[in-house]
Amino acid sequence: MINEGVVQAVCAKCPHCPAWVFTHGTHCRQVRAQTLLLKCPVEGCNQEFEVNYSGTKMFQVPESWVKRGYFYQNELDQL
C-alpha cells in the first residue's frame, strides 16, 4: 500500500461472513428511510442484508479496498 490513497468510507458488517461492506456502489440501494439493502461482494457469500444507518460505521481505508468492495477486520487492524 505504499503511496496508496486513503479515503473515508461508510461500511456495514455482513451478518453472513466476516467482511465489512461499503455502503455505496452497485451492491447497495436504499429500501426505506434510514435503511439500506446491501449485497456482500465476497465470493462465496454474496448474501443480501438490510442495515439501518445507525448500524454503519465510518473508516479511513485504502482506495484499493473501496474498489474491491469490502475488507476484513484483521486487515484494518494491520493499518
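# Strands, cores and cysteines

Q: Is Phe59 buried or exposed?
A: The model is predicted. The relative accessible area of Phe59 is 9%. Buried means under 20%, so Phe59 counts as buried.

Q: Which residue forms an edge-to-face aromatic pair with Phe59?
A: The two ring centres lie 5.0 Å apart. The planes meet at 70 degrees, and over 60 counts as edge-to-face. The partner is Trp20.

Q: How many residues apart in sequence are the parts that the pair of Trp20 and Phe59 ties together?
A: Trp20 belongs to strand β2, and Phe59 belongs to β6 (residues 57-62). Trp20 is buried at 13% relative accessible area. The pair therefore ties together parts separated in sequence by 39 residues.

Q: What is the centre-to-centre distance of the pair formed by Tyr70 and Tyr72?
A: This pair is edge-to-face, with 70 degrees between the planes. Tyr70 is buried at 15% relative accessible area, whereas Tyr72 is partly exposed at 24%. The centres of Tyr70 and Tyr72 are separated by 5.6 Å.

Q: Which residues do ring pairs link into a cluster?
A: The model has six aromatic pairs. Ring pairs build a cluster from Trp20, Phe22, Phe59, Trp65 and Phe71.

Q: What is the strand order of the open three-stranded sheet?
A: Pairing in this sheet is antiparallel. The edge strands, each paired on one side only, are β3 (28-32) and β5 (48-52). The twist averages 30 degrees from one strand to the next. The order is β3-β4-β5.

Q: Which residue in β4 stands opposite Arg32?
A: β3 runs antiparallel to β4 (residues 35-39), and four bridges join them. Across from Arg32 stands Thr35.

Q: Which residue in β5 is the bridge partner of Lys39?
A: β4 and β5 are antiparallel and share five bridges. Phe49 and Val51 make up the covered face of β5, while Glu48, Glu50 and Asn52 make up the uncovered one. Lys39 is bridged to Glu48.

Q: In which loop does Gln34 lie?
A: Gln34 is not a glycine, yet its phi is positive, about 70 degrees. Gln34 is partly exposed, at 44% relative accessibility. Its loop runs between β3 and β4.

Q: What is the phi of Asn46?
A: Asn46 sits in the loop between β4 and β5. Its relative accessible area is 38%, so Asn46 is partly exposed. Phi is positive in this residue other than glycine, near 50 degrees.

Q: How many residues does the largest nonpolar core have?
A: Those with the most contacts inside it include Cys14, Val42 and Phe49. The elements giving two or more residues to this core are β2 (19-22), β4 and β5. Apart from it lies another core of nine residues, including Cys11 and Trp20. The largest core has 14 residues.

Q: How many disulfides are there?
A: Sulfur atoms must lie within 2.5 Å to count as a disulfide. For Cys40, the closest cysteine sulfur is in Cys17, at 3.7 Å, so the gap is too far for a bond. Cys45 is in no disulfide either; its nearest cysteine sulfur, that of Cys40, is 3.8 Å away. The number of disulfides is zero.

Q: What is the relative accessible area of Cys40?
A: Cys45 is buried, with a value of 11%. Cys40 is buried too, and its relative accessible area is 0%.

Notes. Residues numbered from 1 in each chain as written. Predicted model: local features only at pLDDT ≥ 70, side-chain atom pairs only at ≥ 80, totals over all residues. Heavy atoms only, no water. Pairing = 2+ DSSP bridges. Axes fitted to C-alpha atoms, helices over the stretch in contact; angles between N-to-C directions. Buried < 20%, exposed > 50% of the residue type's maximum accessible area, 1.4 Å probe, protein only. Core = buried A, V, L, I, M, F, W, Y, C linked by side-chain atoms within 4.5 Å. Phe/Tyr/Trp six-rings, centres within 6.5 Å; stacked < 30°, edge-to-face > 60°.
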